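Work through the exercises below with the sequence and the model open. Each task is followed by a solution in steps.

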Amino acid sequence: MSAAVLTPDQRNRIQRRTVGILSLGQVLGGVAFGATVSLGALLAKDISGSDALSGLATASVTLGAAIAAIPLARLAGTRGRRLALTAGNLLALVGIAIVITAAAVRSFPLLLTGIVLIGMGNAGNLQSRFAATDLAAPAHRGRDLSIVVWATTIGGVAGPLLLGAGEQVGRAIGMPPHTGSYLFSLVAQIAAFTLYLVALRPDPLLLSRDLPETGSFVGAVERVDRPVAARYAIFAIAGSHVTMASVMAMTPVHLVNMTMAGMHHSGSMSGSGSAGMSEVDVTVLVGVTIALHVAGMYGLSPVFGILADRWGRLRTVLLGQVVLVASLCFAMFAGETPWGVMVALILLGLGWSAATVAGAALLTEASAPALRTRRQGRSDSLMSLSAAGGAVLAGVILQTFSYAGLAIAALIVVVAIVVLSPLGKR
């Protein structure tokens, strides 16, 4: 099918269908990612016996995304989004199977290998938001991108909330601790793989290349390249992501440590709300906190997408930094209470959402079509690689200093994004 012979109405219908398919795929993929975020650090701590090494779980998932981002972008550039997304799902399926095996044999290196593969699959999920812009009208690019991001809310929130049920199922069939929820992830990934393989036709990226130079979707202004603004967008996305990932990665460990400390100090409920909690209660607390965080990450993304379209990409990126500062302040001053951690994590997700949705739209429109997939792949790779390093450092900072110290370190990155923001106008 050639876009050059399609009417604007036909293009709009294909775009709406594409966004719908991508959104459903994100729902399914979010279940697997949500479980990994919630359980990865706990599995790593349980198997390794070290808080510092627990940060390697999130580091591994982000490292996997960094490794796969550029190859998957190149695959999309040559063969289309459909094959790139299905390849990502296949990698995640293999990773889930390896994680369950690693927990059974108590192998820390094997666990990290499986989490790396799940991260490689998540690189495909990240690419979905760019796939939503391939056929989007410039005036609606932020909105369409954000709809796909928003869809992750359902799966991303469901994943952590299924921890309790997953543990019950896992115990019933003799699975290792903290792995029952991966059964739900396995089913969801198989469904996502099938969806992309069968339904994502025509391929939006391949179809978009037939768009006329002066058509209603892509005009002459869309062919202009703004490399400085594109580089700033990549930096803002990566910086916002590493801020979010480093704090979020250590939150499950911090909550466990905090609640266990409360249990040692009192046999009844204390002011912190952490004493008198069983191991299951602590797991539920972690799941609920991460679910609220994921809801913040994706729940209001359409609002931020519309703001990016109407108010401006750069202004929305800066709005995200303001929200991130508020989050880090809660982590610094109220991070020793469950409610303070919850508020911090919700705001952390909201700030990340505003910055990355607007940043992705800025990157797309600041890049000439011939350079878009290449820069999108580099952006995802840098975003994930920096978050992997941040997660490793976060474990060390948490163990050496405190949760508040981790928030102060993350604040430095936010300041850098704000200081360099004039580059986003060039």
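A nonpolar core is a set of buried Ala, Val, Leu, Ile, Met, Phe, Trp, Tyr and Cys residues joined through side-chain atoms within 4.5 Å. The model used throughout is predicted.

**Exercise 1. Nonpolar cores**

Task: Find how many residues the largest nonpolar core has, and which residues have the most contacts inside it.

Solution.
- Step 1. The largest nonpolar core has 82 residues.
- Step 2. Inside this core, L111 and Y182 have the most contacts.
- Step 3. The element that gives the most to the core is α9, with 17 residues.
- Step 4. There is also a second, separate core of 11 residues, and L22, A131, A132 and A199 are among them.

**Exercise 2. The salt bridge of D134**

Task: State which residue D134 meets in a salt bridge, and place both partners in the chain.

Solution.
- Step 1. D134 pairs with R81 through their side chains, at 2.8 Å from N to O.
- Step 2. D134 is in the loop between α4 (108-131) and α5 (141-161), while R81 belongs to helix α3 (residues 81-105), so the salt bridge ties together parts that are 53 residues apart in sequence.
- Step 3. Buried means under 20% relative accessible area. D134 has 13% relative accessibility and therefore counts as buried; R81, at 2%, counts as buried too.
- Step 4. A search of the whole structure gives 7 salt bridges. Pairing of this kind can occur when side chains of opposite charge bring their charged atoms close.

**Exercise 3. The salt bridge of D225**

Task: Is D225 buried, partly exposed or exposed, and which residue is its salt-bridge partner?

Solution.
- Step 1. The partner of D225 is R375, and their closest N and O atoms are 2.7 Å apart.
- Step 2. Because D225 lies in the loop between α8 (204-208) and α9 (227-265) and R375 in helix α14 (residues 369-400), the pair ties together parts that are 150 residues apart in sequence.
- Step 3. With a relative accessible area of 30%, D225 is partly exposed.
- Step 4. R375 counts as buried, at 13% relative accessibility.

**Exercise 4. A salt-bridge network**

Task: Find which residues are joined into one network by salt bridges that share partners.

Solution.
- Step 1. Start from R313 and E365, whose side chains form a salt bridge of 3.1 Å, N to O.
- Step 2. R313 lies in helix α12 (residues 313-334) and E365 in helix α13 (residues 338-365), so this pair ties together parts that are 52 residues apart in sequence.
- Step 3. Through shared partners, salt bridges join D309, R313 and E365 into one network.
- Step 4. R313 has 8% relative accessibility and counts as buried.

**Exercise 5. Helix packing**

Task: Decide how α3 is oriented to α4, how α14 is oriented to α15, and how α4 is oriented to α14.

Solution.
- Step 1. The axes of α3 and α4 are 7 Å apart, and the two helices pack at an angle of about 155°. Angles over 145 degrees count as roughly antiparallel, so α3 is roughly antiparallel to α4.
- Step 2. α3 and α4 cross in a left-handed sense. Their contact residues divide into 18 nonpolar, 8 polar and 1 charged.
- Step 3. For α14 and helix α15 (residues 403-419), the axes come within 7 Å and cross at roughly 135°, which makes α14 oblique to α15. This crossing of α14 and α15 is right-handed.
- Step 4. α4 and α14 pack at about 140°, with their axes 11 Å apart, so α4 is oblique to α14. The crossing of α4 and α14 is right-handed.

**Exercise 6. Backbone details and a glycine**

Task: Which peptide bond is cis, what is phi of R106, and where does G320 lie?

Solution.
- Step 1. Most residues other than glycine have a negative phi, and most peptide bonds are trans.
- Step 2. The peptide bond from R201 to P202 is cis, and its omega is near -5°. P202 sits in the loop between α7 (181-199) and α8.
- Step 3. R106 is a residue other than glycine with a positive phi, near 60°. R106 lies in the loop between α3 and α4 and is partly exposed, with a relative accessible area of 46%.
- Step 4. G320 is in helix α12 and is buried, at 0% relative accessible area. From G320 to L348 the C-alpha to C-alpha distance is 9.1 Å, although 28 residues separate the two in sequence.

Conventions. Residues numbered from 1 in each chain as written. Predicted model: local features only at pLDDT ≥ 70, side-chain atom pairs only at ≥ 80, totals over all residues. Heavy atoms only, no water. Salt bridge = Lys/Arg side-chain N within 4 Å of Asp/Glu carboxyl O. Helix = DSSP H or I, 4+ residues; strand = E, 2+ residues; numbered from the N terminus. Buried < 20%, exposed > 50% of the residue type's maximum accessible area, 1.4 Å probe, protein only. Axes fitted to C-alpha atoms, helices over the stretch in contact; angles between N-to-C directions. Parallel < 35°, antiparallel > 145°, perpendicular 65-115°, else oblique. Left-handed = near helix turned anticlockwise from the far one by under 90°. Nonpolar A, V, L, I, M, F, W, Y, C, P; charged D, E, K, R; others polar.
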